[in-house]
Structures are given as structure tokens and as C-alpha cells.
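Dear colleague,

I am handing over the structure below for your review. My findings follow it.

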Amino acid sequence: MNFWNDPLKVAAAWLEGIFTGWGMDAVLAHVLVVFLGVFLLITILMVLDIFLVWIERKVVARFQDRIGPNRVGPYGLIQPFADIIKLIIKEDTTPDGADKVVYNLAPILSMMSVLILWAVVPLAPVMLGIDLNVGVLFLIAAGAIGTLSIIMAGWSSNNKFAMIGGFRQVAVMVAFEVPMLAMLMIPTIFAGSMNMNAIIEAQNVWFFFISPLAALIFLIAAIAELGRAPFDLAEGESELVAGFNIEYSGMKFGMFYAGELLHAFTFGGFWAILFFGGYRFFGLEQVSPFLAILILVIKAMLGYWVIMWVKYTMMRIRIDQMLGFNWKFLTPLSFALVLVTALMNTLLRGADSWLFVTGMFLSNVVVGWIALEIARSVARKERERVEGVKAVEAHH
Amino acid sequence: MIPLSWYLILAAALFGIGLFGVLVRRNAVAILLGVELMLNAVNINLVAFWRYGDVTLMAGQVFAIIVFAVAAAEVSVGLALVISVYRRRNTVVADELDLLKW
Amino acid sequence: MTAEQIIFLIVALFTLGSALMVVTTRNLIHAALWLVATLFGVAVIYALLNAGFMAVVQVVVYIGAIAILFIFAVMLTRKDLRDNTPQTNKNWWAGALIAVLTFAGLVFTLQGWSGFSKTASAVPLGFDAISQLGEQLTSPTAYVLPFEVASVLLLAALVGAVYVAFNKK
């Protein structure tokens, strides 16, 4: 065990040695070291978050044929720091009639719901916060806190736009949790475990190639959970001004904003972990945990880029269309996919790995094709109905 | 180690608080909040008995999961009833729903 | 006193304190938010009992679904929740008495039981509670029937809730 192979444990043992050397109780020293580890992880994430602001702005600028931030520092890299200074010195307003405690608690909970997710992210085979055997469910549990923070922000602001935005976002999050939970079952079925590390270890073939439909549905549900375009009804600038965070100013707004960016990056990371092999890349992760972290961050960035790509090329859809899309299309489809996957998994359990991958892939294609055909025939009937009504009206 | 009695006393206290809420609150939604507290107290007991008995017998956890399902069903139907009553009578105060109390 | 006991006491006090706030706060939104705090406390209690799955399910089901539903219900019926009218009925002292008597009776009855102050044996090495739970929930010789009945109950509640709350116009 040396630093190159297992940096966390070496560093923890070294620190604990120092603390006990000062005459500290062994248990207390351990607690202190764990606390320092958590503190370090959060600090790294927050610093990363600052650069995510820059990345997001650069990428959106490219999508819109602009250059993006380019004045402060090389390539505008200092821009986010200037933004932070601006946010900090802005007047911190609290609306009249706001519920002060709840109002101030909401941005903290929003940030917390994102940071808490990193407790179960395996950065490298030997580096992860806690090796929970319910890691996948933890994702949904943290989402519950995010939902709570939004409804708290919407209610406590004493503003009807905030309230409507909060209601919408919560309706969307609760609805899209269902297909997301179903899609989390699919890596669980393949790996036979809900443990994040076990899921990564099971991906000799990336789960994306075994179940591309699951990866797609997970991405859609994740974008809805994030409240980003095309599902950003909670913000809906044209109708709700800014949605649930309308009354927040200064750093409190900054926490919602930074939380959203980090959340998007985190979901990019989970997409990579669940469907693209996490830190694995042709055995490179065995060389060193540092390389594994690099691989995971690159994959997470690619996932984040896909989420941004969707955000800046799609238009916002209406709330009823969105909930209808979830309950009438995505949820039945994801349940059907889980059933088919479980069935195929049982049938092909003893089979050759090539047969398994091909069979699973084909079953996914068939399920997706049937779903699209059903949707198409329903749409055709609807169109005929609408056009028929129009024709009759024209006739009269 | 924590003795079993601590968990049981905690659960009993939580049950008592929930019972107080159910008996005393006037608002129907608040009464349902009290019921939730009582169900949670029961669940603490079930999981504690699982842990302090034979761990390989999962009956305690299975029952707790059934309680989760029942609680979800109870809340959804209960709150639907409250909202329906609110629409017709314009009140959610349990004392004022006295149509059957002539 | 061990570290575990101190953690338990802190969590238990937090849970009971927020439970008291649930039943005494005038503002019902605050009561629902205190309920969330109580449910978090109970989730930590599950974690202390080595039931990690139960703790996560507690957060997912209770906080992610039930507490949100409560907040929605409070908001949808807010009109006559004026915070200055009495929130408790006039027999509150009788309710308090019954609650205290129930607590005292439960503790008194339990005290006579031989297993009251028993301590937990260590979880056997390599014992996986989740896979055991999953197998027993789907095993015909164990709990598959209650499990299926629970799912039917949930479906019935779903349909019933939609029917009852649906605004016929």
C-alpha cells in the first residue's frame, strides 16, 4: 500500500498517526479524519463548480455562435470569480411576508441535495465516500431533498410566480422519479447489486451497449429532474419571470444556480457510472487511482456536455404535454423495458457473453420500436381527429 | 451497545406524541400528520425487533415495508378525502364536519 | 457511555423534539416541515439499527412522497388555516392525558418483559440483509403474498385517490 496506489487510505493513516501522536483519542482522531475528508471533497466540488460556470457559459456561447466570456483573464477564466464577487456584494433582499427561516434554509438544502450525492460516487476503485449497498437508491433519496428545497423556496417567498414555479417543478420531479427509478433497476439487474462499485465492476461491456434505451430514458428523466430545458418549466422566463427562485438575490440565488450546474455535472457522472463504465477504460484505472479519477471526470464532462447540448438546442415544452409525456409514454415504456430486461436476463443467464449482449441489445431495439409505433399510431389518430374536425368546420 | 429498551421507549414516546396530535388537532391534515408519527413509531419497533432478534429472520423488515406501503396508501386516500371535503364544505376542521351528528 | 449511545441520544432528542413541534405548531406548513425533520431522525435511527435499506426507503417514500403530498394538501386547503384561530380542540388536556397514559402504560408493560434490556448480537459476517430481504419478499414460502397484496392496495389507493379528489365539473 503506497500513496500511488491508494492515496486516501495512506493519507488517512498518516493523519490519524499525527493526531494520536498528539495524545488524541483514537476514535476522535478517526472521526476528525473522516470529517476532514468530507470537507476536502466538498471544497474540491465547490471549486470545480466555479469552473463549471465558465464551461457552461463557453459552451452555450459556442452553441449560439458567440465567443462567451473573454475579457477577464485568459479565455475569460477569471470571469466566474468576478461573478462571485458581484453576487457577494449584491444587496441581499428578503421579501415582505416571507417565511424567513424556511426562505434561508431552501438554498442550503438545494446545494446539500447535490453535494450529498457525491458520498456514493466511486471516484476510483479504492476511493469513494461510503460503500453503500443501496447506492442506487441513494440517488433518488437525495433527489427527494432537492424536491423539498424547491417547494420550500416557492412557498416561503410569498410570491405567486415563485409558488407556481415551485408547484410545477415538484410535479415534474415527482413524476419523472418513476421512470428514473425504473431505469435504475436495469443496471441493478445486470450487476445483481445496487452498490455503485459493483455496478462498475460488472461493466465488462458498457451497459449502454446492453441497454441503450435505458440509458436514453435515464438521461431524459435526469434532465427533467434537473429542471433544465426542454423541461425548465419551473423557470419559464416568458411566463413565470424566473420561477421558484424569483425572490432570491445575491449569493442565495448563486447557490441555486451553482447547485443546478453541479447537479447537471453530477448526473453526467451518474450517467457515466451507470451506463458507461464509470472509472473503467481498458484497464487504465488499474494503473493508478489518479488516472481513474481523470477518466471518470472526462466521462462526466462528456455526459454534462450532452445535457448542455440538449438544453441549448431544444425548446421548452408545455407542462401538460410534459406530464402527459411522462405518465402516458415514458412510465409505461420504462416498466415494459424493466419487465423485458428481467425476462431476457433470466433466459440468457447461462449464455455466452456475446449472445447476451446481442440479445439484450435486440430486445431493447424491439421494445423501443414497438413504443414508437404505438406513439405514431396514436398521433396519427389524433391528427386525423383534429383534421377531421377542421374539415367539417370548413365545410359548414 | 444500545439496549433494546432505548428504542422501545423512543418508539413509545413517538407514539404518544402522535396520539396527542390525532386526538387534539382540529385540522384534518394535522390529524393525518399525527397518524404518520404513530406509524413511524411502529416501524421503529419492528426494525428494532428485527435487529435484536435473529437477524436472519427478515419478518421485522418485511412488516416495516408493508407499513410503508400502507402509509403511502393511507396518506393518498386520506388527503384526497380532505381535499374533496374542502371543496364541498369549504372547511378542513374536523369539528365542523358534523352532518352525521344530529 | 459509548459514542453510539451519544449519537442515539442526540438523534432521539431531535426526533422527539421535532415530533412535538409537529403536533403543537400553529402554522401547518411548518408542521409538515417539522414532520420532515422527524422522518429524517427516524431514518438515522434505522441506520443505527444496521438497516441501511430501510433508512434510504424512509427518505425516498416518506420525505420524497408523503411529506411532499402533505405540503401540497396544506397549500390546497389553506384558505381557512388562519393561524390565529385555535389549532387544538377544547379537550386538549384530555388528549394530553391519554397520550401520557399510553406512553406510561407501554413503558410499564414493557418493563416487566424479560427481553427489555437485551443487547444486540453482532451481525454475522458476510450477512447481506438486502438480498435476504429481496429473496424473502419474493419467495412463495415466505412473504410473496403480503407483498403482492400491498401492491394491489397501492393500486387501489391510487385509483381511489384520483376518483375522490377529481374535480367533476
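Is the crossing of H1(B) and H4(C) right-handed or left-handed? The crossing of these two helices is right-handed. Please note that the model is a predicted one.

Helix contact between chains B and C

Helix H1 of chain B spans residues 4-24 and helix H4 of chain C spans residues 92-111; their axes come within 8 Å and cross at roughly 160 degrees. Because angles over 145 degrees count as roughly antiparallel, H1(B) is roughly antiparallel to H4(C). On the H1(B) side, the residues that meet H4(C) include B:Leu8, B:Ala12, B:Phe15, B:Leu19 and B:Leu23. Among their counterparts in H4(C) are C:Trp92, C:Ala96, C:Ala99, C:Phe103 and C:Leu110. By class, this contact has 19 nonpolar residues, 3 polar residues and no charged ones.

Contact between chains A and C

Here 17 residues of chain A and 15 residues of chain C take part. On the chain A side, helix H5 (135-156) and helix H6 (160-191) each supply at least two residues. The largest share of that side, 10 residues, comes from H5(A). The side of chain A that touches chain C has 14 nonpolar, 3 polar and no charged residues.

Nonpolar core

The largest nonpolar core has 187 residues, of which A:Phe218, B:Val29, C:Ala32, C:Ala67 and C:Phe70 touch the most other members. Helix H3 of chain C (residues 52-76) provides the largest share of this core, 17 residues. Leaving aside residues up to four places away in sequence, C:Ala32 touches B:Leu33 of chain B as well as C:Ala67, C:Phe70, C:Ile71 and C:Val74 of chain C.

With kind regards

Note on methods:
Residues numbered from 1 in each chain as written. Chains lettered and ligands numbered in written order. Predicted model: local features only at pLDDT ≥ 70, side-chain atom pairs only at ≥ 80, totals over all residues. Axes fitted to C-alpha atoms, helices over the stretch in contact; angles between N-to-C directions. Helix = DSSP H or I, 4+ residues; strand = E, 2+ residues; numbered from the N terminus. Parallel < 35°, antiparallel > 145°, perpendicular 65-115°, else oblique. Left-handed = near helix turned anticlockwise from the far one by under 90°. Contact = placed C-beta atoms within 7 Å. Nonpolar A, V, L, I, M, F, W, Y, C, P; charged D, E, K, R; others polar. Core = buried A, V, L, I, M, F, W, Y, C linked by C-beta atoms within 7 Å. Buried ≥ 20, exposed ≤ 12 C-beta atoms within 10 Å, placed from the backbone.
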